[in-house]
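Subject: Structure handover and findings

Dear colleague,

I am passing on the structure we spoke of, and I would be grateful if you could look through it alongside the notes below.

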Amino acid sequence: MRLTVAIDRQRVHARHGMFPQERKVGNMFEVSVGVWYEIADDTDERDINDIASTVNYAELAGLVKEVMAEPRDLLESVAVALRKEICEKWPDVRGGFLKVVKVTPPVSAAMSGASVCLEW
């Protein structure tokens with residue numbers, strides 16, 4: 001069976017972007033992440049009742065915050081760095097998805113954000 005642990009639209013203030021103003025002032029970002037791993041078909045709730053036996057979503061949220069704290073030029077770089085950190089921390093993760101949204105990108109168009117998505 002596949003078990004997915006996810007966080008949805010974690011809000012983080014960060015300083016990603018190509019322009020000096022983005023690095024100086026920063027922007028609000030929303031990060032959604034889901035990671036999956038295999039569990040045995042005969043697994044029941046007693047077998048998975050220990051936080052150490054799963055991906056702790058509080059730790060996942062903390063990892064998002066850490067990665068977002070390091071300024072990068074491109075959202076693509078943020079996504080790749082986040083995937084790398086997740087896979088290093090939880091080697092049992094077999095795949096996942098993430099979406100990084102810059103809520104107010106510096107463009108002259110009405111939108112609710114600009115984003116990159118990464119699946120593996």
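The notes below go from the interior to the surface.

Please keep in mind throughout that this is a predicted model.

The largest nonpolar core has 27 residues, and those with the most contacts inside it are V33, V64, M68, L82, I86 and V100. At least two residues of this core come from each of β1 (2–14), β2 (27–38), α2 (57–68), α3 (75–89) and β3 (95–102), with α3 giving the most, namely six residues. One of the core residues with the most contacts, I86, touches V33, V35, L60, L63 and W120 when residues up to four places away in sequence are not counted. As general background, nonpolar side chains in soluble globular proteins tend to be buried together.

Helix α3 also holds R83, which counts as partly exposed because its relative accessibility is 32%, between the 20% and 50% limits that set partly exposed apart from buried and exposed. Leaving out residues up to four places away in sequence, R83 touches L98, L118 and W120. The C-alpha atoms of R83 and P105 are separated by 23 Å, the two residues being 22 residues apart along the chain.

On the surface, M18, F19 and L74 form a nonpolar patch, and together they have about 310 Å² of accessible area. Of these, L74 sits in the loop between α2 and α3, and its relative accessibility of 40% is why L74 counts as partly exposed.

With best regards

Technical notes:
Residues are numbered from 1 along each chain as its sequence is written. This is a predicted model: local features need pLDDT of at least 70, side-chain atom pairs count only at pLDDT 80 or more; totals for chains, interfaces and linings use all residues. Side-chain values use heavy atoms; hydrogens and water are left out. A nonpolar core is a set of buried Ala, Val, Leu, Ile, Met, Phe, Trp, Tyr and Cys residues joined through side-chain atoms within 4.5 Å. Buried means under 20% relative accessible area, exposed over 50%, partly exposed in between (1.4 Å probe, protein chains only). Helices (H or I, at least four residues) and strands (E, at least two) are DSSP runs, numbered from the N terminus. Contact means heavy atoms within 4.5 Å. Patches are made of residues with over 30% relative accessible area and no salt bridge: like charges are joined within 9 Å, nonpolar side chains (Val, Leu, Ile, Met, Phe, Trp, Tyr) within 5 Å. Accessible areas come from the Shrake-Rupley method with a 1.4 Å probe; for residues, only the protein chains shown count as cover. A salt bridge is a side-chain nitrogen of Lys or Arg within 4 Å of a carboxyl oxygen of Asp or Glu.
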